Structures are given as C-alpha cells and as structure tokens.
Amino acid sequence: MFGTTKAFSGFSVNDIDAARAFYADTLGLRVSEENGMLILHLAGDRDTLVYPKPDHTPATFTILNFPVDDIEAAVDELGRRGVRFERYDHLKTDDKGIFRGGGPLIAWFTDPAGNVLSVLQQT
C-alpha cells in the first residue's frame, strides 16, 4: 500500500525562526517554509518537516544523522560555526566530542530546540 508513496519524517521545535537560522545558516541545508513550517531538503531527496509546537519537548534520541567522509573536519567546521558537541556520562568521547568506542565514529550536537543530531563516519 505504501510502497510507492514518498514518505517523509518530521519533528517539532519551539521556535521556527531559530530552527530556520540553525538549519540553513549554521548547517548549510536548503530550507523552505510553508504554512509556518519548515521543510529541510536533505541529500538523497529526503525532505523532513519541522513544525512548531508550543509545548515542545526535545527528542531523547538522535533525530537526524549526517554521514561525513571526515568526522574530524566536520566537527572542526561545525565548531567554527558555533556548534557545541554533547558529552554523555555513559559514552566516553575524546576532547572534540567524538565517540570512538566501536561502530561508526560519531559526535552528537543539538539544535536550538534541544533535539539531538549527529555527524558520523563509517569506519
């Protein structure tokens, strides 16, 4: 039934203007706006809806993962753009905030609404 539909994902934020600035200016994504909501135009033709929610609660899981070829370069560039990387007590990260404990190299950060995102590099 849904094998031929173009499904998409979505998540909430508490401030559409802050989200637009972060996703467009800080991350450099192509962003459009319709009816007070954002559409993130991600590579691979994967649009993602971002909608305002006054009682927004940040997701407690990673909502978007951005694969990169060089995590060191990505973390450095995002840091220059003002992104701060998360540290979790149960996951040991290096000084840059990169987790190297098995699986892909990964570094987590949040959007202005507190939703968790990551950059990751397959090893």
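1. Two strands are taken to pair if DSSP finds at least two bridges between them. On that basis, in this predicted model, strand E2 and strand E3 (residues 37-42) are paired in the antiparallel sense, with five bridges between them. One of the contacts can be followed residue by residue, since the bridge partner of serine 32 in E3 is isoleucine 39.

2. The sheet to which these strands belong is an open one of four strands, arranged in the order E1-E4-E3-E2 and mixed in its pairing. Strand E1 (9-13) and strand E2 (30-34) each have a single partner strand and stand at the edges, so that one side of each is left without a neighbour in the sheet. Between neighbouring strands of this sheet the turn is 25 degrees on average, with direction ignored.

3. The mixed character of the four-stranded sheet can be traced through its individual pairings. E1 runs parallel to strand E4 (residues 46-52), to which five bridges join it, and valine 13 has proline 52 as its bridge partner in E4. E3 and E4, by contrast, pair in the antiparallel sense, again over five bridges, and here leucine 38 finds its bridge partner in E4 at valine 50.

4. The connection between E3 and E4 deserves a separate remark. These two strands form a hairpin with three residues between them, and glycine 44, which lies in the turn, has a positive phi of about 80 degrees.

5. A further open sheet is made of three strands in the order E5-E7-E6, and its pairing is likewise described as mixed. Its edge strands are E5 and strand E6 (105-110), each of which pairs on one side only. Neighbouring strands in this sheet are turned against each other by 25 degrees on average, direction ignored. Within it, E5 and strand E7 (residues 116-121) are parallel and share five bridges, and proline 67 has leucine 120 as its bridge partner in E7.

6. Which residues line the largest pocket? The lining consists of Leu27, Leu29, Asn65, Phe66, Pro67, Val68, Ala74, Glu77, Leu78, Arg81, Phe109 and Val119. Strand E5 (62-67) and helix H2 (71-80) are the elements that give two or more residues to this lining. The volume of the largest pocket is about 270 Å³, and by class its lining has nine nonpolar, one polar and two charged residues. Proline 67 therefore appears in two of the descriptions given here, as a lining residue of the largest pocket and as the bridge partner of leucine 120 in E7.7. Six aromatic pairs are counted in the model. In one of them, the ring centres of phenylalanine 22 and tyrosine 23 are 5.1 Å apart with the planes at 90 degrees, so this pair is edge-to-face; phenylalanine 22 and tyrosine 23 are both buried. In another, the centres of the phenylalanine 99 and tryptophan 108 rings lie 6.1 Å apart and the planes stand at 45 degrees, so the pair is tilted. Phenylalanine 99 is buried, with a relative accessible area of 14%, and tryptophan 108 is buried as well, with a relative accessible area of 10%.

8. One aromatic cluster is formed by Phe11, Phe22, Tyr23, Phe85 and Phe109. Of these residues, Phe109 is also among those that line the largest pocket.

Terms used
Residues are numbered from 1 along each chain as its sequence is written. This is a predicted model: local features need pLDDT of at least 70, side-chain atom pairs count only at pLDDT 80 or more; totals for chains, interfaces and linings use all residues. Side-chain values use heavy atoms; hydrogens and water are left out. Rings of Phe, Tyr and Trp (its six-membered ring) pair if their centres lie within 6.5 Å; planes under 30 degrees apart count as stacked, over 60 as edge-to-face and the rest as tilted. Buried means under 20% relative accessible area, exposed over 50%, partly exposed in between (1.4 Å probe, protein chains only). On a 1 Å grid over the protein atoms alone, a cavity is a set of points where a 1.4 Å probe fits but cannot get out, and a pocket is an open set with protein on both sides within 12 Å along at least five of seven lines; lining residues have an atom within 4 Å of a point. Grid points are joined across faces, edges and corners, and a volume is the space filled by probe spheres set on the points. Ala, Val, Leu, Ile, Met, Phe, Trp, Tyr, Cys and Pro count as nonpolar, Asp, Glu, Lys and Arg as charged, and the others, Gly among them, as polar. Axes are lines fitted to C-alpha atoms, for helices over the stretch in contact, and angles run from 0 to 180 degrees between N-to-C directions.
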